[in-house]
Amino acid sequence: MIKTGKTYVIAEAGVNHNGDIALAKQLIDMAAQAKADAVKFQTFDASALVTKATPKAKYQVKNTGSDDGQHAMLTKLELSKEAHLELFAYCKHKKIAFMSTAFDVQSLDFLSQFDMPFIKIPSGEIRNALLLWHAAKVGKPLIISSGMATLGDIEFALAFIQYSRGNAAPPSSEQEIMQYRATALNAGEKLTDVTLLHCTSEYPTPLHQANLKCMAQLATTFEIDVGFSDHTLSVVTPSAAVALGAVCIEKHFTLSREMEGPDHLCSLEPKELCDMVSMIRDTELSLGRPVKFPQPNEFETKKIARQRIVAKQEIREGALFTQENLTTARSPIGICASEYWNFIGQVASQNYIAMEPVCQFKNQ
């Protein structure tokens with residue numbers, strides 16, 4: 001789906017602006033400096049997203065030091081519509097794509113007016129049929145995070161999106177969307193404009209829970225492009241994901257992990273973000289093609305690095321080649337050492353001095 005010729009890197013600002021538009025602009029500056037392809041925020045109406053009785057997640061309590069509830073926390077982290085317009089214009093000025101994740105239908109409708117490259121479905125909404133229906137109808141490529149998801153959850157989301165794009169009315173049952181997807185797949189109709197991001201919803205994610213190898217299963221099972229939404233504190237895991245086939249990397253970043261807020265502690269700091277993007281680009285350059293063959297510059301090296309058959313001592317014409325008088329050494333000319341055992345027992349066709357390349361022989 002992401003056909004840029006390189007890994008699409010999304011610098012996830014999320015809510016690390018702490019509700020301050022000036023801080024949000026600094027995050028855009030940072031993402032642009034790191035040469036990320038896009039900077040992404042989060043768009044929501046706290047009152048529509050969460051009830052006042054909903055507690056914080058454990059990691060949010062740990063990272064903020066209190067449990068005053070999700071509603072109170074998210075209310076402080078909202079961005080106004082005016083702020084979105086200002087940030088979009090600022091991203092355009094900085095020549096970096098603006099993105100934001102919508103967590104409710106009203107926010108999604110609002111974001112639809114922006115020229116965003118993708119619509120992002122967050123991990124927590126992978127079974128939100130209402131949001132999936134509206135996201136599929138926007139008509140833009142989708143990126144779906146799969147944190148906390150089973151294969152069944154992922155299949156539901158993909159089937160729902162495929163159904164939504166082919167039907168004017170919502171489905172009446174899960175069976176209906178599954179039947180529609182099965183028919184579509186059997187007809188060769190694939191979701192070519194959807195990218196599935198492997199993700200572990202732990203903030204930060206311990207390295208042993210990153211489970212990058214499962215990306216191969218996701219790509220094969222769903223016949224879809226895969227990427228990695230990374231919540232580890234490592235700058236290496238995104239490059240490892242690229243080496244394993246990720247076409248998109250999403251990573252949280254912040255100006256400082258010392259700042260107050262739910263996501264700062266699981267985010268990269270400025271230099272780390274720059275290092276991560278640089279490592280991804282280096283990884284891309286190093287991947288090459290899935291075929292083993294000598295590189296152009298290796299042919300010159302090969303001439304002097306490979307050993308050839310040489311006389312171990314003086315050999316007179318007519319003498320037999322033996323292990324005592326024949327060896328191998330580096331030489332710009334001569335016969336490859338792979339022929340050594342073919343020479344043993346053969347007759348020297350000329351005189352050789354010690355360490356002279358053996359260039360020909362005749363049979364006894």
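## Ground rules

A residue is called buried when its relative accessible area is under 20%, exposed when that value is over 50%, and partly exposed in between (1.4 Å probe, protein chains only). This is a predicted model, in which local features need pLDDT of at least 70 and side-chain atom pairs count only at pLDDT 80 or more, while totals for chains, interfaces and linings use all residues. Numbering starts from 1 along each chain as its sequence is written, and side-chain values use heavy atoms, with hydrogens and water left out.

Helices (H or I, at least four residues) and strands (E, at least two) are DSSP runs, numbered from the N terminus.

## Aromatic pairs

Let's start with the rings. A pair of aromatic rings is described by the distance of the centres and the angle of the planes. Here, rings of Phe, Tyr and Trp (its six-membered ring) pair if their centres lie within 6.5 Å; planes under 30 degrees apart are stacked, over 60 edge-to-face, and the rest tilted. That rule gives 13 aromatic pairs. One of them is Tyr8 with Phe118, edge-to-face at 5.1 Å centre to centre and 85 degrees between the planes. Tyr8 sits in strand S1 (residues 8-14) and Phe118 in the loop between helix H6 (105-111) and S4, so this contact links distant parts of the chain, 110 residues apart. Phe118 is buried at 7% relative accessible area, and Tyr8 is buried too, at 8%.

Phe44 and Phe103 are also edge-to-face, because their planes are at 85 degrees, with the ring centres 6.2 Å apart. Phe44 is in the loop between strand S2 (38-43) and helix H2 (46-49), and Phe103 in the loop between strand S3 (97-102) and H6, so the two rings tie together parts 59 residues apart in sequence. Phe44 counts as buried at 6% relative accessibility, and Phe103 is buried at 17%. Elsewhere, Phe41, Phe88, Phe98, Phe110 and Phe114 make up one aromatic cluster.

## Salt bridges

A salt bridge here is a side-chain nitrogen of Lys or Arg within 4 Å of a carboxyl oxygen of Asp or Glu. Searching the whole structure turns up 19 of these. Among them is Lys25 with Glu86, at 2.6 Å from N to O. Lys25 belongs to helix H1 (residues 21-33) and Glu86 to helix H5 (residues 81-94), so their contact ties together parts 61 residues apart in sequence. Lys25 is partly exposed at 22% relative accessible area, as is Glu86 at 37%.

Asp193 and Arg165 meet in another salt bridge, again listed at 2.6 Å from N to O. Asp193 is in the loop between helix H9 (174-186) and strand S6 (194-199), and Arg165 is in helix H8, so this bridge ties together parts 28 residues apart in sequence. There is also a salt-bridge network that links Lys6, Asp37, Arg281 and Glu284.

## Arg127 and charges over rings

Arg127 has two partners worth pointing out. With Asp153 it forms a salt bridge, the closest N and O atoms being 2.6 Å apart. Arg127 is in the loop between strand S4 (119-121) and helix H7 (129-138), and Asp153 is in helix H8 (residues 151-166), so the bridge ties together parts 26 residues apart in sequence. Arg127 counts as partly exposed at 40% relative accessibility, whereas Asp153 counts as buried at 15%.

The other partner is a ring. A charge sits over a ring if NZ of Lys or CZ of Arg is within 6 Å of the ring centre and within 35 degrees of the ring normal. The charged end of Arg127 sits over Phe156, 4.6 Å from the ring centre. Lys137 lies over the face of Trp133, at 4.6 Å from the ring centre.

## Pockets

A pocket is an open set of points on a 1 Å grid over the protein atoms alone, where a 1.4 Å probe fits, with protein on both sides within 12 Å along at least five of seven lines; lining residues have an atom within 4 Å of a point. The largest pocket has a volume of about 680 Å³ (the space filled by probe spheres set on the points). Its lining has 33 residues, with Gln42, Tyr59, Gln60, Phe103 and Tyr203 nearest the centre. Helix H4 gives the most to this lining, four residues.

The second largest pocket holds about 220 Å³ of space. Of its 13 lining residues, Thr64, Lys76, Glu260, Gly261 and Pro262 lie nearest the centre. H3 and H4 are the elements that give two or more residues to this lining, and H4 has the largest share, with three.
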